[in-house]
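Please go through the model below with attention to how its strands pair and how its interior is filled. The report after it starts from a single side chain and works outwards.

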Amino acid sequence: MTKKILFVENEKGELEFLLNLSSSRGYIAEGVQNAPDAVKRLEQTSYDVVIMDASEDTPVEEKYYLSDWIKFNFPATRLISLTGQWETTRETPAWRRYYAIVSKLDFCMDFNLLYNLIEDK
């Protein structure tokens, strides 16, 4: 069965890249640019995986709310946090606070690893 992915990425160009890459690998991929839109989309349809932007550009509170909301309302949905800013992001107080709050969150920064996480490999 084809996996359905929802990307939550505030940068339009990065979102389009992720959608195109995922579609080219045979996934059904959709995207939104913020947590409120993600909640609306999740209320309308189900996804196997939600992949969230973990960069500093997205407010910690928004990431916390969305991840907590997904885990409560859709416990079977896999939640993955993705960033291209790992070396700088992981050293910020906001990132450490976010990472400490969100437990059981798969983290990934490599696209091959990303798709292995989607497939549960």
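## A threonine, a strand and two cores

The side chain of threonine 77 reaches the backbone oxygen of tyrosine 47 at 3.2 Å, a polar contact in the sense of a pair of N or O atoms within 3.5 Å, where within protein one must be able to donate a hydrogen and the other to accept it, and where residues adjacent in sequence count only if both atoms are side-chain atoms. This is a predicted model, in which local features need pLDDT of at least 70 and side-chain atom pairs count only at pLDDT 80 or more, while totals for chains, interfaces and linings use all residues. Residues are numbered from 1 along each chain as its sequence is written, and side-chain values use heavy atoms, with hydrogens and water left out.

Threonine 77 is found in the loop between H3 and strand E4 (78-82), with helices (H or I, at least four residues) and strands (E, at least two) taken as DSSP runs and numbered from the N terminus. Threonine 77 counts as buried because its relative accessibility is 12%; buried means under 20% relative accessible area, exposed over 50%, and partly exposed in between, with a 1.4 Å probe and protein chains only. Leaving aside neighbours within four places in sequence, threonine 77 is in contact (heavy atoms within 4.5 Å) with Tyr47, Asp48, Val49, Val50 and Ile70.

The protein chain as a whole has six helices and five strands, which run β-α-β-α-β-α-β-α-α-β-α from the N terminus on. Of its 121 residues, 40% count as buried.

Strand pairing, for which DSSP must find at least two bridges between two strands, is set out here for three pairs.

| Strands | Sense | Bridges |
|---|---|---|
| E1 and E2 (residues 28-32) | parallel | five bridges |
| E1 and E3 | parallel | four bridges |
| E3 and E4 | parallel | five bridges |

Individual partners place these strands in register: valine 8 has valine 32 in E2 as its bridge partner, phenylalanine 7 has isoleucine 51 in E3, and aspartate 53 stands opposite leucine 82 in E4. E1, helix H1 (residues 12-24) and E2 make a right-handed β-α-β unit, that is, with the strands pointing away from the viewer, the path from the first strand over the helix to the second runs clockwise.

How are the side chains of E3 arranged? In a regular strand the side chains alternate between the two faces of the sheet. From E3, Val49, Ile51 and Asp53 point one way and Val50 and Met52 the other way, and all are buried.

A nonpolar core is a set of buried Ala, Val, Leu, Ile, Met, Phe, Trp, Tyr and Cys residues joined through side-chain atoms within 4.5 Å. The largest one has 14 residues, of which Leu6, Val8, Leu42, Val50, Leu66 and Ile70 touch the most other members. At least two residues of this core come from each of strand E1 (4-8), helix H2 (35-44), strand E3 (49-53) and helix H3 (60-73), and H2 gives the largest share, four residues. Apart from this core lies another, of 12 residues, among them Tyr27, Val49, Ile51 and Ile118.

The buried residues of H2 are Ala35, Ala38, Val39 and Leu42. They lie on the same side of H2 because they cover an arc of only 100° around the axis, the arc being that of the directions from the helix axis to the C-beta atoms. At the start of H2, a side-chain oxygen of asparagine 34 comes to within 2.8 Å of the backbone nitrogen of aspartate 37.
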